[in-house]
Amino acid sequence: MAQAKIHHAKMTEAAKGKFSRSMSMADRSGQLLESLDQLEIRVEALREVATSMEQERECLLDLIQSIKNSEEMRSICDGEREELSLTANRLLGRTLTVEISVETIRNSTQEDALHKATSLIDEIAAKLLDDMDGARKRLMALHAACVTEAPPVPIDTKFQTIVITCALEDQKKIKRRLETLIRNVYNAEKNIKIMDHQKVDDLNSANGK
């Protein structure tokens with residue numbers, strides 16, 4: 001009888017020890033999971049900051065180029081224009097030394113969609129000089145496919161289907177690239193009109209003489 005009690009006590013202690021160890025493992029697992037959750041928040045915050053910096057770099061490059069090609073730059077004297085161009089080129093060079101890359105994780109379907117979207121945009125960009133007005137309209141139709149609000153221009157539904165298949169980060173980059181191209185086309189068209197007006201004014205002045 002005494003031996004049976006001792007055996008039962010040992011089994012109870014062993015069970016308690018096993019239960020205690022299991023709880024300890026569960027606690028450690030919970031702590032590790034909590035640590036990973038906190039790290040995931042920091043990783044996503046890092047990606048957001050890097051993406052924001054990447055966008056700022058693109059914005060700076062665009063602004064510097066806009067100033068270099070602006071009407072104001074052409075309306076000043078040669079000496080001042082040369083000095084300001086040197087400053088703009090210096091800023092451009094320093095901006096280009098900053099390299100930021102946020103890789104997007106994609107599956108094979110998203111990779112294929114991104115390739116198709118990029119190819120379509122590249123095709124239009126390559127023909128900008130041949131037909132600027134037509135290219136602008138096509139870019140506007142592609143951009144309309146990337147926005148949620150109802151656009152005032154026709155939507156390229158084929159491109160919309162492709163963009164929806166892309167990863168979310170790629171969708172944002174495609175939209176930003178289209179906006180930059182459209183802005184560049186508008187600036188180029190404005191510069192051409194200015195140059196045409198200058199030619200007409202010069203011609204009128206020559207005929208007046």
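Let's start with a word we'll need along the way: a residue is called buried when its relative accessible area is under 20%, exposed when that figure is over 50%, and partly exposed in between. Keep in mind, too, that what you're looking at is a predicted model.

Try the terms out on serine 66, which sits in helix 1. Its relative accessible area is 27%, so serine 66 counts as partly exposed. Now look across from there to asparagine 187. Along the sequence, serine 66 and asparagine 187 are 121 residues apart, yet their C-alpha atoms are 7.9 Å apart in space. We'll come back to this pair in a moment.

First, step back and take in the whole chain. What secondary structure does the chain have? There are seven helices and zero strands, so if you follow the sequence from one end to the other you read the pattern α-α-α-α-α-α-α, with helices and strands being numbered from the N terminus. The chain has 209 residues, and 22% of them are buried. It exposes about 15500 Å², with carbon and sulfur atoms supplying 58% of that area. What about contacts between residues at least 6 apart in sequence? Of these, 71% join residues at least 24 apart.

Now for the empty spaces. Rolling a probe the size of a water molecule over the atoms shows where such space is left. The largest pocket holds about 400 Å³ of space. It is lined by 19 residues, and here our earlier pair turns up again: Asp62, Gln65, Ser66, Asn184 and Asn187 are the ones closest to the pocket's centre. Which elements give two or more residues to this lining? They are helix 1, helix 2 (71–74) and helix 7 (168–208). Helix 7 gives the most, with nine residues. Sorted by class, the lining of the largest pocket has eight charged, eight polar and three nonpolar residues.

Why does the largest pocket lie between domain 1 (30–102) and domain 2 (106–197)? Both domains give residues to its lining, so that is where the pocket is placed.

The second largest pocket has about 180 Å³ of space. Its lining is made up of Glu44, Arg47, Glu48, Thr51, Gln55, Val102, Leu168, Glu169, Lys172, Lys173 and Arg176. Helix 1 and helix 7 are the elements that give two or more residues to this lining. By class, the lining of the second largest pocket divides into seven charged, two polar and two nonpolar residues. As for the domains, domain 1 (30–102) and domain 2 (106–197) each supply at least three residues to it.

One of those lining residues, Lys173, is worth a stop. Lysine 173 is found in helix 7. Is lysine 173 buried, partly exposed or exposed? With a relative accessible area of 27%, lysine 173 is partly exposed. Setting aside residues up to four places away in sequence, lysine 173 touches Glu54, Val102 and Thr104. Another residue of the second pocket's lining, Gln55, is 118 residues from lysine 173 along the chain, and the C-alpha atoms of the two are separated by 9.1 Å.

Follow the contact from lysine 173 to Glu54 and you land in helix 1 (residues 2–68), where glutamate 54 is found. Is glutamate 54 buried or exposed? Its relative accessibility is 13%, and because the cut-off for buried is under 20%, glutamate 54 counts as buried. Leaving out neighbours within four places in sequence, the residues in contact with glutamate 54 are Ile100, Ser101, Val102 and Lys173. Val102 also touches lysine 173.

For a last stop, go to lysine 137 in helix 5 (residues 132–144). Lysine 137 has a relative accessible area of 52%, so it is exposed. Where does isoleucine 182 sit relative to lysine 137? The two are 45 residues apart in sequence, and from C-alpha to C-alpha they are 9.0 Å apart in space.

Methods:
Residues numbered from 1 in each chain as written. Predicted model: local features only at pLDDT ≥ 70, side-chain atom pairs only at ≥ 80, totals over all residues. Heavy atoms only, no water. Helix = DSSP H or I, 4+ residues; strand = E, 2+ residues; numbered from the N terminus. Buried < 20%, exposed > 50% of the residue type's maximum accessible area, 1.4 Å probe, protein only. Contact = heavy atoms within 4.5 Å. 1 Å grid on protein atoms, 1.4 Å probe; cavity = no way out; pocket = protein on both sides within 12 Å on 5 of 7 lines; lining within 4 Å. Points joined across faces, edges and corners; volume = space filled by probe spheres on them. Nonpolar A, V, L, I, M, F, W, Y, C, P; charged D, E, K, R; others polar. Domains from an automatic or database assignment. Areas by Shrake-Rupley, 256 points an atom, 1.4 Å probe, with all protein chains shown as cover.
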